[in-house]
Structure formats: structure tokens, C-alpha cells
Amino acid sequence: MARGSEPNRKRQAHDARREKILAAVRTVCVQDGLSRLSVSAVAKHAGCTRSLFYHYFPTKEDAFDALIDESIDTFVEQLVEWNAQRIAGDIEGSLDSAAELLKRLILKRDDEFSQSLFSGSNSALYASFVHRVADRTARYICESTVIDFASSHEVRIDHLYETFYVLITGLIMYVRTHPDVDTETIKDIVASTLHIEGYTKKYPDRRPER
């Protein structure tokens, strides 16, 4: 047996149990609602004991928090994929695909749990979720896309993180309450907020001089 193989197997088994518990938390939340989430209900769905649940999560709120983190991870992973696929120098194309991605992520989530997070049915939960999405998204963009842009173009906004945080928060709220908004409008909002509308065909006269 190779050195370290047994601990790895044990760790994978533990991770599988944790994932099974989180899947049960998701099921209970979707079927019964957040207000009826209980450790007993989760343990029943997961086919585990309450003590095993508490082994992984000190409280039901911690389990729910972990589930939210998973949903945000999926959101950010798709953003990372967008960033990797965009063509350097094609600012308008990047804006088009970013607007489409944002609308899809907000309105067409793949699972019911994520849809419930974006629905705003629980105001406190919604506010916390949007804050965490905006925070991680803004930090990622500032550490990647903005740096790439700045290597060839002038960055014409101050307070980068804060600007992206407010932009993302506002767009989530706007798209959620105006689901019929077209991607061209989302694109215009992003471009004007970041002062890069001059790089689009719509406003070529606003392009800054180098």
C-alpha cells in the first residue's frame, strides 16, 4: 500500500459524508423552507445521526452557510471561465458576454436552492447572499480582469473594489426585479459605470486618448 493512501481514503469518505449532509440540507430547504430547517430533518434525509451532523457542523446555521458558499463558488467558477475565454483587446465582446452571463446567473440558476437565494423571499438571507456574491466577484475582477485591462488601457475609475461591489449589487437587484431587461441595457450600465463605453461601437467618440 502506498504511503498516505489510507488517510486519503478516510478523508474522501469523510468528505462524502459531509456532502451527503449538505445535500440533505438543500433538500429540506427546498421542500420545507428555511424556517423549518432542523437538524433532525436533515439527519433523517441524510440517513445519519444527529451526532454525525454536529461532527461536521456545530449548528444548522453553519451547514446552511456552507451551502451558500457552495452556491457562490459555482457563481464565481462561471465568472472565472468567462474571464479565461474572453479575447484580449475585445472589450465590446467581453461586455456582451459578461452581460449575458450576469443575467443567466441571476435568472436561470440550475437548482432550486440557488433560485431561492436570488428570489429575495427572505430579506436578511438575500442581503447576506448578495453581499457575499458582490464581495467575491468584485475581488476576483479587481485581481484579474482589471489588471489585464490596465496593461493596455487607462483605468478611469477610482475605488476599484467599491465601484465593482456597488455595480454588482445594483445589477443583481435590478435584474431580479426587471427580468425582461435586455442584455444591451445591462452592457450599457456596466460600460458607463466603468467609463469604458468609448470602447464600444455605440460611443466611439468617448474613447479616451492614449
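Helix H2 is followed by Gly47, whose phi is positive, near 70 degrees. Within H2, which spans residues 39–46, the buried residues are Val39, Ala41, Val42, Ala43 and Ala46. Keep in mind as you explore that this is a predicted model. The chain has ten helices and zero strands, and 38% of its 210 residues count as buried.

**The overall plan**

- Reading along the sequence, you meet the pattern α-α-α-α-α-α-α-α-α-α.
- Take the contacts in the chain with a separation of 6 or more: residues 24 or more positions apart account for 65% of them.

**The nonpolar core**

- How many residues does the largest nonpolar core have? It has 60 residues, and those with the most contacts inside it are Ile21, Val25 and Phe164.
- Val25 is a good one to click on: leaving aside residues up to four places away in sequence, Val25 touches Leu37, Val42, Phe53, Ala63, Phe64 and Leu67.
- One of those partners, Val42, is also among the buried residues of H2.

**Helix H10 and its surroundings**

- Which residues of helix H10 (residues 183–193) are buried? They are Ile186, Lys187, Val190 and Ala191.
- These residues sit on the same side of H10, because they cover an arc of only 130 degrees around the axis.
- Helix H5 (91–107) and helix H9 (160–177) are included in what covers the buried residues of H10.
- At the N-terminal end of H10, Asp182 acts as a cap: one of its side-chain oxygens lies 3.1 Å from the backbone nitrogen of Glu184.
- Just after H10 comes His195, with a positive phi of about 55 degrees.

**How the helices pack**

- Two packed helices are described by the angle between their axes and the distance between the axes.
- The axes of H5 and H10 cross at roughly 115 degrees and come within 9 Å, and the crossing is right-handed.
- On the H5 side, this contact is made by Glu92, Leu95, Asp96, Ala99, Glu100, Leu102 and Lys103. On the H10 side, Thr183, Glu184, Ile186, Lys187, Val190 and Ala191 take part.
- H5 also packs with H9, at an angle of about 65 degrees and with the axes 10 Å apart. This crossing is right-handed.
- Where do H5 and H9 meet? The contact is made by Leu102, Lys103, Ile106 and Leu107 of H5 and by Leu171, Ile172, Val175 and Arg176 of H9.
- Leu102 and Lys103 of H5 appear in the contact with H10 and again in the contact with H9.

**Residues in H7 and H9**

- Phe129 lies in helix H7, which covers residues 123–143. Is Phe129 buried or exposed? Phe129 has a relative accessible area of 1%, so it counts as buried.
- Phe129 and Ser71 are 58 residues apart along the chain, while their C-alpha atoms are separated by 9.6 Å.
- Ala127 is in H7 as well, but with a relative accessible area of 45% it is partly exposed.
- Ala127 and Thr169 are 42 residues apart in sequence, and their C-alpha atoms are 9.5 Å apart in space.
- Thr163 has its place in H9. The relative accessible area of Thr163 is 17%, so this residue is buried, the cut-off being under 20%.
- Not counting residues up to four places away in sequence, Thr163 touches Ile157, Asp158, Thr193 and Leu194.

**Two histidines with positive phi**

- His159 has a positive phi of about 50 degrees although it is not a glycine. You can find His159 in the loop between helix H8 (145–150) and H9.
- With a relative accessible area of 60%, His159 is exposed.
- His195 is not a glycine either, yet its phi is positive, at about 55 degrees. Where does His195 lie? Look in the segment after H10.
- Why does His195 count as partly exposed? Its relative accessibility is 36%, and partly exposed residues are those between under 20% (buried) and over 50% (exposed).

Conventions:
Residues are numbered from 1 along each chain as its sequence is written. This is a predicted model: local features need pLDDT of at least 70, side-chain atom pairs count only at pLDDT 80 or more; totals for chains, interfaces and linings use all residues. Side-chain values use heavy atoms; hydrogens and water are left out. Buried means under 20% relative accessible area, exposed over 50%, partly exposed in between (1.4 Å probe, protein chains only). Helices (H or I, at least four residues) and strands (E, at least two) are DSSP runs, numbered from the N terminus. The arc is that of the directions from the helix axis to the C-beta atoms. Contact means heavy atoms within 4.5 Å. A polar contact is a pair of N or O atoms within 3.5 Å; within protein, one must be able to donate a hydrogen and the other to accept it, and residues adjacent in sequence count only if both atoms are side-chain atoms. A nonpolar core is a set of buried Ala, Val, Leu, Ile, Met, Phe, Trp, Tyr and Cys residues joined through side-chain atoms within 4.5 Å. Axes are lines fitted to C-alpha atoms, for helices over the stretch in contact, and angles run from 0 to 180 degrees between N-to-C directions. A crossing is left-handed if the near helix is turned anticlockwise from the far one by less than a right angle, and right-handed if clockwise.
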